Amino acid sequence: MNLITPVILMNIILFIITVLLIFAESVLVPHKICKVVINKERVFTTESGASLLSFFTKNKIFIPSACGGKATCGHCKIKVLNGGGPILPTEEVFITQKEKSAGIRLACQVKIKQDIEVYLPEHLFEAKEYQAVVEEISSLTHDIKHFTLKLLEPKTINFKPGQYIQIKVPGTEEFRAYSIASSPRQNDRIELIIRLVHGGLCSTYMHNVLEVGDKVVFTGPFGEFFLREESDKEIICIAGGCGMSPIRSIILYLAELGMPRKVTYFFGARTKKDLFYVEEMTELEKKYPNFKFIPALSEPEPEDKWEGEVGLITQVVERYLDIYMNGRYEIYLSGRYEGAGVLESYLCGPPPMIDAAIKVLTKKGVHIENVYYDKF
Amino acid sequence: MNTHPLLIFIAAIFPHNIALTYILGMCPLIAISKNLKTAFGMGISVIFVVTLTAVINWFVYNLILLPTNSQIISYVIFIITIAASVQLVEMLLERFFPPLQVAFGIFLPLITVNCIVLAVSLFMVLREYDFIKTVCFASGSAIGWAITIVTVSAIKEKLLLIADIPKGLKGPAITMIILGILSLAFMGFGGMVKIR
């Protein structure tokens with residue numbers, strides 16, 4: 001069989017089509033210079049055609065995004081004040097009616113075609129791209145590992161305890177978010193706690209491929225979930241599994257300040273083999289009378305010989321809050337007691353746990369505006 | 001062999017529905033069928049792109065590949081022409097019909113990788129259709145696919161409103177079940193028209 005003709009033909013056709021497309025693009029796609037105004041004060045100029053997300057990335061503004069611009073994750077929500085054009089069908093799946101009227105769009109779907117004005121929360125400008133090197137990897141449980149990343153460039157990071165970073169998965173345009181587990185006072189390296197998710201893109205890479213000395217690229221810090229330092233309320237922290245990360249950051253930070261506020265930390269796991277950092281937390285408990293750590297197992301195995309709290313973490317919290325209220329019954333009668341309303345709460349864990357915990361807390365009188373949470 | 005083109009058109013919509021009897025073009029059927037409006041936009045774009053690319057590929061195959069005896073590269077060439085024509089159409093829409101681009105144009109890049117676009121071009125070669133039959137077959141197949149995605153999304157919207165779907169069946173799983181039942185239902189059209 002003669003193969004030469006088809007191969008030559010294929011190349012000719014390819015060449016013709018490429019030339020045709022390049023020609024069409026130069027004729028059909030308008031090339032004009034557009035202005036992008038961010039928060040009324042930062043003005044950029046750029047050539048039209050690109051999406052807002054790629055424009056941001058090019059200008060070193062890092063906004064949360066996981067899917068690489070395919071409109072499948074819905075993380076890159078931003079507020080477009082004008083010039084964004086009508087909302088696209090690909091966005092409608094992610095944007096609620098309320099957000100729609102507020103001008104929220106997916107940055108990866110908005111193309112810059114004219115002068116455009118957007119609003120970004122100030123803290124996003126603090127997000128940068130970091131190069132880091134893996135300094136240490138250790139196993140915490142059968143499926144959770146602890147990573148220490150030493151920063152190379154920039155050399156330090158400023159974040160609030162509770163915030164997260166996004167790790168770039170090598171070889172893809174995708175990112176995965178992980179909360180920082182270390183105190184912000186240790187600003188030359190960060191620690192992460194990552195659970196191996198079955199079939200997970202990034203966690204599989206982090207667990208099975210990454211070795212000490214490898215380089216990692218991440219962006220951050222992001223997130224509205226962080227310790228409110230202006231408040232002096234008593235704190236209740238509730239975490240499940242990897243929800244330990246941001247809570248540990250908050251507690252280590254408070255410990256470095258000498259534990260100025262009373263903190264009670266409820267940590268839920270299924271069996272004893274899913275528990276971790278119990279020793280570290282118990283030691284903090286001994287050192288600071290203000291801090292109380294209450295681990296609980298939902299399904300303890302007989303061989304665990306578990307003597308601590310048993311039950312779903314929310315049930316344990318409910319029992320504790322009952323005792324807490326009872327102890328103050330007399331103060332309550334005298335009219336000086338505001339109930340659990342004096343509490344501030346930080347929750348991190350799987351969505352069903354968060355939803356159940358919010359229900360319990362509000363039922364016991366914690367004000368919903370004092371409940372901060374991070375679902376993952 | 002001498003089937004009337006109109007028969008091919010009808011057969012491609014119902015008894016030989018490309019989604020429900022050949023199980024092609026499943027990814028968008030499962031992923032983009034959450035909302036009726038989006039599904040409709042997708043369906044219209046598929047009808048347009050499939051018909052257009054089948055016509056282009058018919059000319060490419062019969063005028064270039066057959067005379068030079070180069071059928072062996074038809075797969076590659078078909079994919080290239082599909083990708084290029086979709087790109088071109090997107091640019092044309094964006095320049096001259098911006099409202100259309102907003103409504104349908106954004107689906108065009110997604111369609112390039114839809115299996116039915118390539119499948120229709122390959123079937124046309126396999127079944128040795130002439131030009132008229134190709135146009136009928138391509139538009140029929142695409143209309144059949146559009147009907148399927150619109151039906152599935154309408155059913156899913158309804159289900160979301162009234163049904164208490166078990167946890168393990170939410171999302172793609174229930175879509176698969178809907179598709180299975182629809183596929184059984186479309187077997188009922190089987191006796192209507194027979195084409196090869």
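**Figure 1. A close look at B:V50, a buried residue in helix α3 of chain B.** A residue is called buried when its relative accessible area is under 20%. In this predicted model, B:V50 has a relative accessible area of 1%, so it counts as buried. Helix α3 of chain B is where you'll find it. Setting aside neighbours within four places in sequence, B:V50 touches B:I116, B:V117, B:V120, B:A138 and B:A142. Take B:A138 from that list: it sits 88 residues away from B:V50 in sequence, yet their C-alpha atoms are 6.2 Å apart in space.

**Figure 2. Now for the largest nonpolar core, a set of 61 residues.** B:V50, B:I111 and B:W145 have the most contacts inside this core. Helix α3 of chain B, spanning residues 36-65, gives the most to it, with 10 residues. A second core lies apart from this one and has 34 residues, including A:I247, A:I250, A:A255 and A:M259.

**Figure 3. Who are the contacts of B:W145, leaving aside its neighbours within four places in sequence?** Quite a crowd turns up. From the earlier part of chain B come B:N17, B:I18, B:A19, B:L24, B:G25, B:P28 and B:L29. B:M42, B:G43 and B:V46 also touch B:W145, and B:N114 and B:I116 complete the list.

**Figure 4. A tilted ring pair in chain A, made by A:Y265 and A:F293.** Over all chains, the structure holds 21 aromatic pairs. In this one, the ring centres of A:Y265 and A:F293 are 5.3 Å apart and the planes meet at 55 degrees, so the pair counts as tilted. The two rings link distant parts of the chain: A:Y265 belongs to strand β13 (residues 263-269) and A:F293 to strand β14 (residues 291-297), 28 residues apart. Both A:Y265 and A:F293 are buried. They also have company, since A:Y265, A:F267, A:F276, A:Y277 and A:F293 form one aromatic cluster.

**Figure 5. Another tilted pair, this time B:Y22 with B:F123.** Here the ring centres are 5.2 Å apart and the planes are at 50 degrees, which makes the pair tilted. B:Y22 lies in the loop between α1 (5-13) and α2 (26-31) of chain B, while B:F123 is in helix α7 (residues 115-126), so the pair ties together parts that are 101 residues apart in sequence. Buried or partly exposed: which is B:Y22? With 30% relative accessibility, B:Y22 counts as partly exposed, whereas B:F123, at 17%, counts as buried. B:F123 has one more visitor: the charged end of B:R127 sits over its ring, 4.7 Å from the centre.

**Figure 6. An arginine over a ring in chain A: A:R228 and A:F226.** A:R228 lies over the face of A:F226, at 4.3 Å from the ring centre.

**Figure 7. Where chain A meets chain B.** The contact takes 25 residues from chain A and 26 residues from chain B. Between them, the two chains bury about 2100 Å², with 81% of it on carbon and sulfur atoms. On the chain A side, look for A:L21, A:L28 and A:P89, which supply 25% of the area that chain A buries against chain B, more than any other three residues. How many salt bridges does the rule find across this interface? The count is 0.

**Figure 8. Stepping back to chain A, with its 10 helices and 17 strands.** Of the 376 residues in chain A, 51% are buried. Among its contacts between residues at least 6 apart in sequence, 68% join residues at least 24 apart.

Methods: Residues numbered from 1 in each chain as written. Chains lettered and ligands numbered in written order. Predicted model: local features only at pLDDT ≥ 70, side-chain atom pairs only at ≥ 80, totals over all residues. Heavy atoms only, no water. Core = buried A, V, L, I, M, F, W, Y, C linked by side-chain atoms within 4.5 Å. Buried < 20%, exposed > 50% of the residue type's maximum accessible area, 1.4 Å probe, protein only. Helix = DSSP H or I, 4+ residues; strand = E, 2+ residues; numbered from the N terminus. Contact = heavy atoms within 4.5 Å. Phe/Tyr/Trp six-rings, centres within 6.5 Å; stacked < 30°, edge-to-face > 60°. Lys NZ or Arg CZ within 6 Å of the ring centre and 35° of its normal. Buried area = accessible area lost by both parts, 1.4 Å probe. Salt bridge = Lys/Arg side-chain N within 4 Å of Asp/Glu carboxyl O.
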